[in-house]
Amino acid sequence: MSLLLAIESSCDETAAAVIDRNLNVRSSIVASQVALHERYGGVVPEIASRAHVENILPVIDEALREANATLADLAAVAVMTEPGLVGSLLIGLTAAKTLAWTLELPLIAVNHIEAHIYACRMVGGASVFPAVGLVVSGGHSNLYNCASTTELELVGSTIDDAAGEAFDKVAQILGLPYPGGPFVQECAESGDAAAIKFPRTFLRDERLAFSFSGLKTAVLYAVQGNPGSRKPVPKMTEQRRHDIAAGFQEAVVDVLVGKCEQALERFGRDSLCVGGGVAANARLRARLQEMSDRRGSRLVIAPMQLCTDNAAMAAMAWEHLDAGRIAALDLDVRPGLVRLNPNRR
Ligand code: KG4
Ligand code: ZN
């Protein structure tokens, strides 16, 4: 057997997967730490690293067991080395290096954000490229011009909060649980998105950039009042909470869909690959589909288990292996960088 073992520990999920050469996911295990971080309303890096240390070996074991594989069946070990929390990334990298060294297997570094786009390739086939890629998660809102599977050029990102981060912070302002995305979506369902006007930063701007912090502040003012204004704050009723959630969600979706369309136009692409946790948002999915249908372009969003953080999407490592992009054992993590091909020297 020729199998790839992939490891992911960039943020608050410890994950391992076994994938074969044909991109069949033999197993994909994800140990979530949501329960550990819930009461802080966000991921606490030190708690995350410690949980990765505890989870990494059981998760790898489970991935091998579920795939009916042993270490002897492995052809390579892949690990996400960028971007992410430095302490968290190091746990996955150390595990991957140890396995690669002791088993004498090639070690392959994968960029986590690029892997989110590769998840669309796994379900949509090679014909999804060339494409525009959008990755929207708790930590990132990035737009890519993708010439091929591994030629991904970062063409736009957020100048402040990520889209998912905005969902999480707005949930906190509205008194909803963590992580906020699904709860804001649910709350928005019975709201009127037009009841309160929220900003759509950069929507009419040429730049392929995002900014969600002004929108987040606008939500805060809608809830608590604007400290610079004498206008009384409307009473917070259940309906107003729903309206704010709906208005916020619509503003985020307007900007994300608008920027995707701008990128499709600019780069002359007619395929759009979307990944990351926020891609789970039903309103975003519906509006992206609407836009794609109107333009006659193709939309690929990976199914839930491949769309949110997982190790299976590191199957991109097969492409790196075939191209000879094998990492040396002095491979390091790149917490803050989003770059092209981590294996390229
Ligand atoms: O990709 P992901 O699982 O983890 C990383 O951040 O890398 O994304 C998690 C993010 C969280 O911010 C969460 O609130 C958001 O995705 N999210 C959603 C929805 N489901 C998850 N945001 C909006 N609507 C949703 N239905
Ligand atoms: Zn992610």
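## Polar contacts with ligand 1

In this predicted model, a polar atom in the side chain of Asn 281 is placed 3.0 Å from a nitrogen atom of ligand 1. Taken alone, the ligand exposes 550 Å², and the protein buries 87% of that area.

Backbone atoms also take part in contacts with the ligand: a backbone N or O atom of Gly 181 lies 2.9 Å from an oxygen atom of ligand 1, and for Gly 277 a backbone N or O atom is likewise found 2.9 Å from an oxygen atom of the ligand.

## The shell and the pocket

Around ligand 1 there are 18 residues, of which Gly 138, Asp 168, Gln 185, Gly 277 and Asp 309 come nearest. Gly 277 therefore appears both in this nearest group and as the source of a backbone contact with an oxygen atom of the ligand, under the 3.5 Å limit for a polar contact. By residue class, the shell divides into 12 polar, four nonpolar and two charged residues, with glycine counted as polar.

Two helices, H5 (163-173) and H6 (181-189), each supply at least two residues of the shell around ligand 1. The space that ligand 1 takes is the largest pocket.

## Overall form of the chain

The protein chain contains 11 helices and 10 strands, and its C-alpha trace spans about 70 × 45 × 30 Å along the principal axes. For a chain of 345 residues, a compact globule would be expected to have a radius of gyration near 20 Å, and the 20 Å computed for the protein chain agrees with that expectation.

## Backbone features in the loops

Most peptide bonds are trans, and most residues other than glycine have a negative phi. Against that background, the peptide bond from Glu 82 to Pro 83 is cis, with omega near -20°, and Pro 83 has its place in the loop that runs between strand S4 (74-82) and helix H3 (86-103). A cis peptide bond also joins Tyr 178 and Pro 179, where omega is about -10°; Pro 179 belongs to the loop between H5 and H6, the two helices that each supply at least two residues of the ligand shell.

Leu 23, a residue other than glycine, has a positive phi near 65°. Leu 23 is located in the loop between strand S2 (13-20) and strand S3 (25-32).

Key: Residues are numbered from 1 along each chain as its sequence is written. Chains are lettered from A and ligands numbered from 1 in the order in which they are written. This is a predicted model: local features need pLDDT of at least 70, side-chain atom pairs count only at pLDDT 80 or more; totals for chains, interfaces and linings use all residues. Side-chain values use heavy atoms; hydrogens and water are left out. A residue is near a molecule or strand if one of its heavy atoms lies within 4 Å of it. A polar contact is a pair of N or O atoms within 3.5 Å; within protein, one must be able to donate a hydrogen and the other to accept it, and residues adjacent in sequence count only if both atoms are side-chain atoms. Accessible areas come from the Shrake-Rupley method with a 1.4 Å probe; for residues, only the protein chains shown count as cover. On a 1 Å grid over the protein atoms alone, a cavity is a set of points where a 1.4 Å probe fits but cannot get out, and a pocket is an open set with protein on both sides within 12 Å along at least five of seven lines; lining residues have an atom within 4 Å of a point. A molecule sits in a cavity or pocket if more than half of its atoms lie within 2 Å of its grid points. Helices (H or I, at least four residues) and strands (E, at least two) are DSSP runs, numbered from the N terminus. The radius of gyration is taken over C-alpha atoms; the globule rule is 2.2 Å times the number of residues to the power 0.38.
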